[in-house]
Amino acid sequence: MEYKKNILCIGAGYVGGITMSFIASKCPQYKITVVDINEEKIKSWQSDKLPIYEPGLNEIIKIAIGRNLFFSTNIEKEIQEADIIFVSVNTPTKDYGQGKGKAADLQYWEKTARQILLYSDHEKIIVEKSTVPVKTSLAMERILNSNSLGIHFEVLSNPEFLSEGSAIKDLEEPDRILIGSKETEEGLKARKEIVNIYTNWVPKEKIIESNVWSAELSKLSANAFLAQRISSINSLSALCEKTGADIEEVSFAIGKDSRIGSKFLNSSVGFGGSCFKKDILNLVYICQNYGLTEVANYWESVVKINEWQKNRFISNIILNMFNTIAGKKITILGFSFKANTGDTRESPSIYITKKLLEEKAFITISDPKALDNAKRDFNNIQGITYEIDPYKATYESHAILILTEWDLYKNLDYNRIFKNMKKPSFIFDGRNILNHKELFILGFNVFSIGKKTLTHF
Ligand code: NAD
Ligand code: UGA
């Protein structure tokens, strides 16, 4: 088949794998290849057992695989043949050297740029899909255009805004697509190429065009704003617990103001996921580098409140279980960082489990999709068992912690669960998803976030 253009994506992770599969399903005229250094991951993308769980992903892949969607480890050949290269490699927080703990580690990005440089023999458009610090494109362009062959590379920014668990819907009906480029003739021409891909299914008015640095900074800022809403509501949850106000009533009331809006105001045990913390800390680091101390401190407080919220939850458990959980069985229902994904990166449940183990509790972890990742996270640490069946997982437990808002946990037979638990039985609902009054009537002592405690003592 004759393709209009060859598109390559470097990095077959959550973003690269999902976005490219989706674009391929919508645009049969482009040949889309996704490469990765991880051979196992590529094999998995080529098989029926995908490397990640994402609702609707299997169906999307079936439309395009073998037609115009390909997964490969032959990075050299695919770079040579590509006209447009999306780079979607990981950009974690640096855990060494200057900027340790805050700055983005751009080593994978830079290695990719050097590979592109090494294998290219004609001009290409390079698109940053990874979330990167503002001005990264400038550095990349300098590396790429340092070649002696006179090949021109145009670097654009097209940050991804999908959310795990709802990725396919987010891609199908995005709030916006953001494409940043230089405002030179070549930059604008390259920008048009990328716009043309998205107009295959996205209405033109939803495609925002900007300069490249605005696009880079908008991505970091969007994540910071979203996380800031969660920290704001979580900070107020503590005040609710002290005053008798109810965080859900407060959240509902403030969300009705159309200037504020109702989304992202669910109080929780704290936000997780691979990006919020890393992206805010990256923003903080950039501000510090520009001498904007107050701005840096402002955004850093969003992360600090999130850490505090997790610690508050843990202290509440220990305090209310008579100041000791040593030797007690505690069951965690929900381990992924949010519902509808198996991803556990930066999940609050990891931190909470570690802290409870330090208190010498025995932990049983249950989750419909995240048990393999949970086992990997703890790598055979003593004191943890894994059980997918919530009824078996809660058997003879002293306490249940709800850490992910899976629908499954809303409809369990809590009467049956209560009968099989040690008494007094505790539930700590870190997501406010259960019917607390009913649980209290069944005999549970119920603790939630920012709501009245219901105990039989
Ligand atoms: P990921 O870790 O799931 O995937 C990254 C992949 O890149 C890995 O499979 C890794 O093996 C591969 N890789 C690294 N170096 C490579 C190289 N030189 N050549 C080929 N492959 C290489 O990460 P992710 O969650 O997909 O995130 C990727 C980027 O997208 C990050 O910058 C992240 O901040 C951003 N982002 C993520 C999400 C999300 O929901 N996960 C959403 C929006 C943006
Ligand atoms: C987030 C953003 O929503 C995406 O737009 C962005 O593309 C992505 O980060 C990224 O850059 O990686 P994601 O992390 O997949 O997406 O999931 P979210 O739905 O944002 O949830 C993040 C965390 O916040 C979860 O732990 C979730 O449970 C928590 N959360 C969310 C709350 O505690 N309360 C809320 O009201 C909403």
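Start with the company that ligand 1 keeps: sorted by class, its shell has nine nonpolar, 10 polar and seven charged residues. Keep in mind as we go that this is a predicted model. The shell counts 26 residues, and those that come nearest to ligand 1 are Val15, Asp36, Lys41, Thr91 and Lys278.

Let's look at some polar contacts of ligand 1. At valine 15, a polar backbone atom sits 2.9 Å from an oxygen atom of the ligand. Threonine 91 uses its side chain instead, with an N or O atom 2.6 Å from an oxygen atom of ligand 1. The side chain of arginine 345 also takes part, placing an N or O atom 3.0 Å from an oxygen atom of ligand 1. As for cover, ligand 1 on its own has 840 Å² of accessible area, and the protein covers 91% of that. Which elements give two or more residues to this shell? They are α1 (14–26) and α5 (107–119). Of the elements, α5 gives the most, with three residues.

Arginine 345 is worth a second look, since it has a partner within the protein as well. Aspartate 343 forms a salt bridge with arginine 345, and their closest N and O atoms are 3.1 Å apart. How do the two partners fare for accessibility? Aspartate 343 counts as buried because its relative accessible area is 2%, under the 20% cut-off. Arginine 345, at 37%, is partly exposed. So here a buried acid pairs with a partly exposed base in a salt bridge.

Now back to helix α5, this time for a pair inside the helix. Arginine 114 and glutamate 110 both lie in α5, four residues apart, or about one turn of the helix. They form a salt bridge, with the closest N and O atoms 2.6 Å apart. Both ends are partly exposed: arginine 114 has a relative accessibility of 45%, and glutamate 110 has 31%. The general idea behind such pairs is simple: side chains of opposite charge can pair when their charged atoms come close.

How many salt bridges does the structure hold? The count is 22. One of them links aspartate 257 to arginine 259, with the closest N and O atoms 2.8 Å apart. Arginine 259 is exposed because its relative accessible area of 76% is over the 50% cut-off. Its partner, aspartate 257, is partly exposed at 24%. Elsewhere, Lys77, Glu78 and Glu81 are linked in a network of salt bridges.

On to ligand 2. Which residues come closest to this one? Leu162, Ser268, Cys275, Phe337 and Arg431 do, out of 20 residues that surround ligand 2. By class, this shell has 10 nonpolar, five polar and five charged residues. Helix α9 (residues 212–243) gives the most to the shell, with four residues.

The polar contacts of ligand 2 include a run of neighbours in the sequence. Glutamate 160 has a backbone N or O atom 3.4 Å from an oxygen atom of the ligand. Phenylalanine 161 also uses its backbone, with an N or O atom 2.8 Å from an oxygen atom of ligand 2. Serine 163 brings in its side chain, where an N or O atom is 3.2 Å from an oxygen atom of ligand 2. Taken alone, ligand 2 exposes 710 Å², and the protein buries 90% of that area.

Two further spots round off the walk. One is serine 130, found in the loop between β5 (124–128) and α6 (136–144). Is serine 130 buried or exposed? At 7% relative accessibility, serine 130 counts as buried. Its side chain reaches the backbone oxygen of valine 89 at 2.7 Å.

The other spot is on the surface, where Tyr290, Leu292 and Val295 form a nonpolar patch. Together these residues have about 290 Å² of accessible area. Within the patch, valine 295 has its place in helix α12 (residues 293–320). Valine 295 is partly exposed, with a relative accessible area of 35%. Membership of a patch takes over 30% relative accessible area, so valine 295, at 35%, clears that cut-off.

Conventions:
Residues numbered from 1 in each chain as written. Chains lettered and ligands numbered in written order. Predicted model: local features only at pLDDT ≥ 70, side-chain atom pairs only at ≥ 80, totals over all residues. Heavy atoms only, no water. Patch = residues over 30% accessible without salt bridge, like charges linked within 9 Å, V, L, I, M, F, W, Y side chains within 5 Å. Areas by Shrake-Rupley, 256 points an atom, 1.4 Å probe, with all protein chains shown as cover. Salt bridge = Lys/Arg side-chain N within 4 Å of Asp/Glu carboxyl O. Buried < 20%, exposed > 50% of the residue type's maximum accessible area, 1.4 Å probe, protein only. Near = heavy atom within 4 Å. Polar contact = N/O pair within 3.5 Å; in protein donor to acceptor, adjacent residues only side chain to side chain. Nonpolar A, V, L, I, M, F, W, Y, C, P; charged D, E, K, R; others polar.
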